Amino acid sequence: MGSRLDALNQWVLEVARLTRPAAIHWCDGSDTENAQLVAQMEADGTLIRLNEETHPNSWLHRSHPDDVARVEHLTFVCTSEREDAGPNNHWMAPADAHAKMDALFDGCMRGRTMYVIPYCMGPIDSPLSRCGVEITDSPYVVANMRVMTRMGAAALARIEREGSFIKGLHSIGELDPNRRFIVHFPEELTIKSFGSGYGGNALLGKKCHALRIASHQARSEGWLAEHMLILGIENPQGETHYIAAAFPSACGKTNLAMLIPPEGYREDGWKVWTIGDDICWMRPGPDGRLYAINPEAGFFGVAPGTSINSNPNALETIAHDTIFTNVAVTADNQPWWEGLNHGQPVIDWRGNDYDFSKGTPAAHPNSRFTVSARQCPSYSHKAEDAQGVPISAIVFGGRRASLVPLVFEARDWTHGVLVGAAMGSETTAAATGAVGVMRRDPMAMKPFCGYNFADYFGHWLSFDKPGAQLPKVFHVNWFRKGDDGKFLWPGFGDNLRVLEWMIKRVEGKAGAVETPIGNLPKEADLNLDGVRLSDEARAKLFGFDADGWRNEFASIGEFLREYGPRMPEALHAEQQRIAGALGA
Ligand code: TSX
Ligand code: MN
């Protein structure tokens with residue numbers, strides 16, 4: 001009695017009264033519990049065992065074919081004031097949203113087990129970490145949350161100690177796309193998700209908690225919850241700098257997080273360490289620097305395109321103890337996807353015989369692996385450090401075939417915030433409509449910021465204050481194309497050449513040319529030993545086109561004005577300063 005778990009127990013009972021489960025299971029996160037759940041899912045076909053010789057203890061899950069991705073149009077942020085959610089979110093009044101969701105949840109777990117998942121986002125002993133409890137009727141969600149978070153007894157103990165947690169209620173419902181909603185109540189630290197069993201819709205610790213709810217919490221508590229990878233770069237002297245980087249989808253975030261240095265760099269003693277591939281929580285430390293943790297404990301990575309060439313570390317990570325979702329399988333029951341460069345699919349992601357002649361992919365383009373970060377060869381022990389890692393540079397990036405050079409440095413923090421706010425990427429493979437259309441995706445947070453973007457930019461600007469030792473901000477573009485439509489930069493491991501320049505800039509050891517859009521390296525400022533670049537490539541990767549940028553800045557000005565009077569004046573002023581420097 002009087003325990004700090006009373007609030008949790010009461011909420012669990014309340015949810016059970018609404019959803020009417022046949023049983024309630026409190027997840028302790030133990031190996032025994034996991035083995036029982038996996039056995040049950042193997043028995044009912046939720047999980048299919050993969051080739052035990054080549055992929056020990058690995059499983060295939062096939063989701064409902066209409067339930068294969070996040071659903072932005074069905075995702076809502078329910079603040080009491082509509083303007084607090086902003087034009088970047090779908091909004092519903094909280095009371096209406098609760099009524100709508102509770103009607104869906106009414107009796108939805110009849111005959112099913114309700115799982116109570118206590119979890120911690122971030123190292124269990126870190127002051128930067130935050131806890132939550134997800135209630136779900138999906139054992140697949142439990143198995144994934146166990147990999148992606150610190151789940152179970154230790155998290156429950158922390159919740160008991162702190163007395164506060166994020167409430168996440170989830171049911172797969174009937175997996176009916178017409179009865180599917182992902183709803184957030186940032187002011188109540190509550191999430192309700194119905195009708196999907198997939199990824200970000202269902203693993204509520206990830207996008208719903210660690211980004212949408214956390215971004216809202218971070219604003220009021222003075223920190224940042226960002227859609228960023230975190231990596232460490234160790235130089236031959238043994239010093240490690242940490243970088244956080246935000247990219248829209250299809251830019252290779254996981255590949256960058258697990259980068260393997262080019263051969264010459266490896267020989268010289270350079271190493272790259274992985275902290276995280278998707279989410280970064282950071283806050284100012286006592287020395288004024290930003291300290292970051294990865295709130296996740298695993299990778300929920302896109303399978304297609306992952307190969308021995310693009311990401312050998314990922315391939316090694318997923319060689320055992322991995323859950324694959326919606327991949328194809330080979331004749332000998334190995335997982336397969338487009339771009340694997342190995343083996344042949346015989347059964348597609350839906351479980352049908354694969355018909356090569358139809359030209360459709362065998363694996364779903366959004367098929368995934370769920371795997372513990374500890375299995376990654378480049379995983380950094382610093383990822384478990386309660387203090388987090390100090391961030392030396394923040395990198396924004398996008399996929400831009402034209403205009404945007406390989407890399408530039410923002411002149412100061414305010415400029416850096418504008419660079420992040422104005423970031424955009426060209427669409428790839430027909431997920432939605434046209435290919436190659438530029439979409440702005442500020443800080444890669446468009447689907448994930450739990451409040452008004454104008455207020456979010458204001459929050460970013462607020463970190464620039466006396467005593468702050470802020471990271472330098474950069475923008476990169478690995479995807480610049482030549483007139484022949486071919487990529488001009490080799491990318492992948494060679495991106496370390498660009499990261500090295502950034503670190504040397506931070507240390508005051510590398511040169512740059514000042515331009516109106518920021519500081520660009522001269523070719524000689526980058527180590528390009530062994531990289532062959534045409535004259536066109538050199539001109540486009542390291543040059544700056546004033547006419548093109550004048551148009552870009554006119555478009556950025558329009559974009560800022562779309563957010564109306566809440567947009568911070570400092571960003572308008574920064575846009576105008578640069579537009580002015582580019583000439584009218
Ligand atoms: O992930 C990528 N990165 C970051 C790697 C650390 N990709 C794959 C994007 C799809 C998710 C890239 N694709 C990168 C990149 O830097 N660059 C490119 C474009 C590219 C594609 C193929 C080649 C070169 C560049 N091939 C050859 O040069 C042989
Ligand atoms: Mn992501």
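**A pocket between domains and a manganese site**

The second largest pocket holds about 700 Å³ of space. The structure is a predicted model. In this model, 27 residues line the second largest pocket. Those closest to its centre are Arg 146, Val 147, Thr 149, Ser 372 and Arg 374. Several elements give two or more residues to this lining. The helices are H2 (31–43), H5 (139–148) and H6 (153–162). The strands are E8 (150–151) and E23 (368–372).

The lining of the second largest pocket is mixed in character: 14 of its residues are nonpolar, 8 are polar and 5 are charged. Domain 1 (3–47 + 73–222) contributes to this lining, and domain 3 (299–373) does too, so the pocket lies between these two domains.

The model also contains a manganese ion, ligand 2. Three residues coordinate the manganese ion at 2.2 Å: Lys 207 through NZ, His 227 through NE2 and Asp 278 through OD. Along the sequence, these donor residues follow the spacing K-x19-H-x50-D. His 227 sits in the loop between strand E12 (224–226) and strand E13 (229–234). Asp 278 sits in the loop between strand E15 (271–276) and strand E16 (280–284). The pair therefore ties together parts that are 51 residues apart in sequence.

Are these two donors buried or exposed? A residue counts as buried under 20% relative accessible area. His 227 has a relative accessibility of 8%, so His 227 is buried. Asp 278 has a relative accessible area of 9%, so Asp 278 is buried as well.

Methods: Residues numbered from 1 in each chain as written. Chains lettered and ligands numbered in written order. Predicted model: local features only at pLDDT ≥ 70, side-chain atom pairs only at ≥ 80, totals over all residues. Heavy atoms only, no water. Donors = N, O, S within 2.8 Å, 3.2 Å for Na, K, Ca; no water. Helix = DSSP H or I, 4+ residues; strand = E, 2+ residues; numbered from the N terminus. Buried < 20%, exposed > 50% of the residue type's maximum accessible area, 1.4 Å probe, protein only. 1 Å grid on protein atoms, 1.4 Å probe; cavity = no way out; pocket = protein on both sides within 12 Å on 5 of 7 lines; lining within 4 Å. Points joined across faces, edges and corners; volume = space filled by probe spheres on them. Nonpolar A, V, L, I, M, F, W, Y, C, P; charged D, E, K, R; others polar. Domains from an automatic or database assignment.
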